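Visitor: Before we look, I would like to ask how each label in your description is justified. Could you set the values against the criteria as we go?

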Amino acid sequence: MANMRLVLDGAALAENWRALDRLSGGARAGAAVKADGYGLGAVEVVTRLARAGCTDFFVAHWHEAQALAGLVDPARLAVLHGIAPGEEQVAVSGVAVPVLNSADQIARWRQAGGGLCHVMIDTGMSRLGLDWREDIAGLCAGLDVDLCLSHLASADEDSAQNELQRQRFEQVRGQVSARRYSLANSAGIALGSGFHFDCTRPGLALYGGVPCPALAEHIRPVMRLEARVLQVRQVRAGDTIGYGATFAAPRDMRTATLSLGYADGFKRALSSIGGFSCEGQRLPLLGRVSMDLTCIDVSAAPALGEGDWIAADLDLPLAEAATGISQYEWLTQIGRRFDRVWLD
Ligand SMILES: *Cc1c(COP(=O)(O)O)cnc(C)c1O
């Protein structure tokens, strides 16, 4: 057992999915579960979302799809990166359905035998997908397309690019006969019914991230970081704490050293701005976060002792605002050393 744990609220995860599904109007919400369920654990996430009624799941890599075998209908598990050379065999193995992103990927799919597939259209991000100005109808002729997708570049901003991408996607829609169409990620859901089409693909907001103010009231936090106190010390006025001696105690203080550091995704950018909570008291971070250790002021929590667990004040939108590190990075860079404890 580790001296640090992620406490994960499965009820909040399911509730967030239901809220996003509701906000998707006539469309059904799927779930982006790539990067190991944004760091929380894809198997646990998918199990709970499937129970809540979610049927469409999106991963980036084939090995991510293989890790979910048996948990979901492979016909409803999509691999966003499609088929790189050498991946033809796994792509036709039935473990998941590829999202075809380029003319070459389409050719590889046909060559390998083809079958049910998805197609990604690039409508202005210049990243993955068939260029919306290409002969989409010609490229996709004869393909058995379930989802025709595109991805919004600026959904979390009030940007004219959103409407532009929506119009381009509408235009492409006339050229590909797919069973279903899908454009919106988490923030895209908040842009309104014109962006919903048949299926939405939230990721961040499922896990408690808040990509735009309109979603704030609908999303509950899912993850709490907790660490154990390894040592309690009495430092004296003038003593310095941690690497670089960036903090000098202004008075005698009671401090605690916690089993948690930047190797666990508890970023050094939090040094001197982050904190913990214990029974309503805020316990500020002191000095720099080390690789495996963090020091805090526990003067306000006299009962706290070695072995006690305390929770980090890691509110995702606030952490993003304070450090410039995105909520996506906070989630996906959470370390492997935590015990992941699901409450529900
Ligand atoms: C990651 C991803 C999503 C989910 O986006 P969020 O902003 O996390 O909601 C949706 N669609 C595609 C293509 C993605 O790559």
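Visitor: What makes 10-209 and 223-314 domains here?

Guide: In this predicted model, the bounds 10-209 for domain 1 and 223-314 for domain 2 are those given by the domain assignment of the protein, and such bounds come from an automatic or database assignment. The centres of domain 1 and domain 2, taken over C-alpha atoms, are separated by 41 Å.

Visitor: Which residues are the closest around the ligand?

Guide: The ligand is surrounded by 13 residues, of which K34, Y38, S186, L204 and Y328 are the closest. That shell divides into seven nonpolar, four polar and two charged residues.

Visitor: Why is the pair between S186 and the ligand called a polar contact?

Guide: A polar side-chain atom of S186 lies 2.6 Å from an oxygen atom of the ligand, and because the cut-off for a pair of N or O atoms is 3.5 Å, the pair qualifies. The side chain of N185 also has a polar atom 3.0 Å from a ligand oxygen, so this pair qualifies as well. For H151, an N or O atom of the side chain is 3.4 Å from a nitrogen atom of the ligand, which is within 3.5 Å and therefore counts. Of the 390 Å² of accessible area that the ligand has on its own, the protein covers 92%.

Visitor: What is the space taken by the ligand?

Guide: That space is the largest pocket.

Terms used:
Residues numbered from 1 in each chain as written. Predicted model: local features only at pLDDT ≥ 70, side-chain atom pairs only at ≥ 80, totals over all residues. Heavy atoms only, no water. Near = heavy atom within 4 Å. Polar contact = N/O pair within 3.5 Å; in protein donor to acceptor, adjacent residues only side chain to side chain. Areas by Shrake-Rupley, 256 points an atom, 1.4 Å probe, with all protein chains shown as cover. 1 Å grid on protein atoms, 1.4 Å probe; cavity = no way out; pocket = protein on both sides within 12 Å on 5 of 7 lines; lining within 4 Å. Sits in = over half its atoms within 2 Å of the grid points. Nonpolar A, V, L, I, M, F, W, Y, C, P; charged D, E, K, R; others polar.
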